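Subject: Structure for your review

Dear colleague,

Please find the structure below, together with its sequence. I would be grateful if you would keep it open while reading the notes that follow.

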Amino acid sequence: MSTPHTLAHPLAGQRVVVMGGSSGIGEATAAFCAADGAEVIITGRGQDRLDASDRAALDAFFAGSGTVDHLIVALSGGKGAGPFAELDLADLAAGFDGKFWPQVQVLQAALPALRRDGSVTLVTAASARAAIPGTAGLAAINGALEALIPPLAVELAPLRINAVAPGIVDTPWWDDKPAEQRQAIFEDIAAATPVGRVGHPEDIARALHMLAANGFVTGIVLEASGGASLSTKR
Ligand SMILES: NC(=O)c1ccc[n+]([C@@H]2O[C@H](COP(=O)([O-])OP(=O)(O)OC[C@H]3O[C@@H](n4cnc5c(N)ncnc54)[C@H](OP(=O)(O)O)[C@@H]3O)[C@@H](O)[C@H]2O)c1
């Protein structure tokens with residue numbers, strides 16, 4: 001255990017690396033952990049040019065990071081959505097290349113730097129289980145990541161391994177859609193979600209912070225979706 005922490009500030013003095021911390025969910029998580037008193041290091045392709053698909057760059061990063069108490073992997077790819085009959089397999093492969101392989105590679109590269117009883121939290125997606133038409137590709141990518149969580153929690157113990165599966169969250173991830181279309185999607189989803197809204201990045205940040213901070217939780221996927229998967233209105 002590094003610096004002592006308190007109930008009020010469980011991550012105070014701890015080193016937290018947020019991969020994909022330059023935008024959206026990762027950015028909000030970095031801010032939340034910093035407000036808790038953590039020493040936060042963020043990366044993103046644009047921020048300091050650390051691309052999670054570059055293993056040599058990752059190894060160099062973790063060789064210089066010092067001991068990492070908590071790793072949060074919030075980076076995203078984005079491809080792989082669409083009706084299955086028309087799903088371009090090259091797009092699906094690009095989806096795995098953009099999210100599945102980088103998250104796996106980050107986790108492998110980080111192992112030598114991680115505190116023995118620290119934590120890793122991946123960001124997956126509720127689409128892994130939501131059974132929404134047009135999301136089979138995204139479900140495959142995120143479901144593959146979620147399948148890693150239980151065996152790794154046992155294999156890598158006492159390191160804790162968890163994931164947060166967000167529902168729809170208003171972040172720059174949606175910026176490739178015209179504003180009107182984006183708004184229509186958000187309104188549709190909000191209407192079919194028990195909490196009546198889409199997520200804010202801070203909603204997911206709180207869930208990620210909790211999993212990093214709670215030393216008694218490992219091997220789980222925590223869904224933070226406003227209850228979207230429970231809804232029967234869709
Ligand atoms: N927003 C949603 O509705 C939603 C729903 C379910 C799940 N999620 C998941 O939540 C995670 C975060 O998404 P977000 O909405 O916060 O997206 P975002 O705002 O687009 O942020 C994505 C982050 O990932 C980084 N990144 C992407 N590819 C990278 C790579 N190869 N190497 C290093 N960094 C990389 C980006 O860095 P640069 O900007 O520097 O490239 C950025 O910091 C993703 O895994 C996404 O699939 C999002």
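Which residues of α3 and α4 meet each other? From α3, they are Arg55, Leu58, Asp59 and Phe62, and their counterparts in α4 are Gln105, Val106, Ala109 and Ala110. This contact is made up of five nonpolar residues, one polar residue and two charged residues. Please bear in mind that the model is a predicted one.

The geometry of this helix pair can also be described. In general, two packed helices are characterised by the angle between their axes and by the distance between those axes. For α3 (residues 55–63) and α4, the angle is about 40° and the axes are 9 Å apart. The crossing of α3 with α4 is right-handed.

I turn next to the sheet. As general background, the strands of a sheet pair through backbone hydrogen bonds, in either a parallel or an antiparallel manner. Here, six strands form an open sheet in the order β2-β1-β3-β4-β5-β6, and the pairing is parallel. At the edges lie β2 (39–43) and β6 (221–224), each of which pairs on one side only. On average, neighbouring strands of this sheet are turned by 20° against each other, with direction ignored.

Within the sheet, β4 (residues 114–123) runs parallel to β5 (residues 160–166), and five bridges join the two strands. Ser119, for instance, has Arg160 in β5 as its bridge partner.

Two helices that pack on the sheet deserve your attention. Helix α6 (residues 136–155) touches β4, β5 and β6, and its direction makes about 155° with that of β5. Helix α8 (residues 201–213) touches β1 (15–19), β3 (68–73), β4, β5 and β6, and its direction makes about 165° with that of β5.

The loop between α8 and β6 contains Ile220. Is this residue buried, exposed or partly exposed? Ile220 counts as partly exposed because 16 other C-beta atoms lie within 10 Å, whereas a buried residue would need 20 or more and an exposed one 12 or fewer. Although Ile220 and Thr121 are 99 residues apart along the chain, their C-alpha atoms are separated by 9.6 Å.

Finally, there is the ligand. Of the 26 residues around the ligand, those that come nearest are Gly20, Gly24, Gly44, Gly46 and Ser76. The shell receives at least two residues from each of α1 (24–35), α2 (45–48) and α4 (89–110). By type, the shell comprises twelve nonpolar, eleven polar and three charged residues.

Yours sincerely

Conventions
Residues numbered from 1 in each chain as written. Predicted model: local features only at pLDDT ≥ 70, side-chain atom pairs only at ≥ 80, totals over all residues. Near = placed C-beta within 6 Å. Helix = DSSP H or I, 4+ residues; strand = E, 2+ residues; numbered from the N terminus. Nonpolar A, V, L, I, M, F, W, Y, C, P; charged D, E, K, R; others polar. Pairing = 2+ DSSP bridges. Axes fitted to C-alpha atoms, helices over the stretch in contact; angles between N-to-C directions. Contact = placed C-beta atoms within 7 Å. Left-handed = near helix turned anticlockwise from the far one by under 90°.
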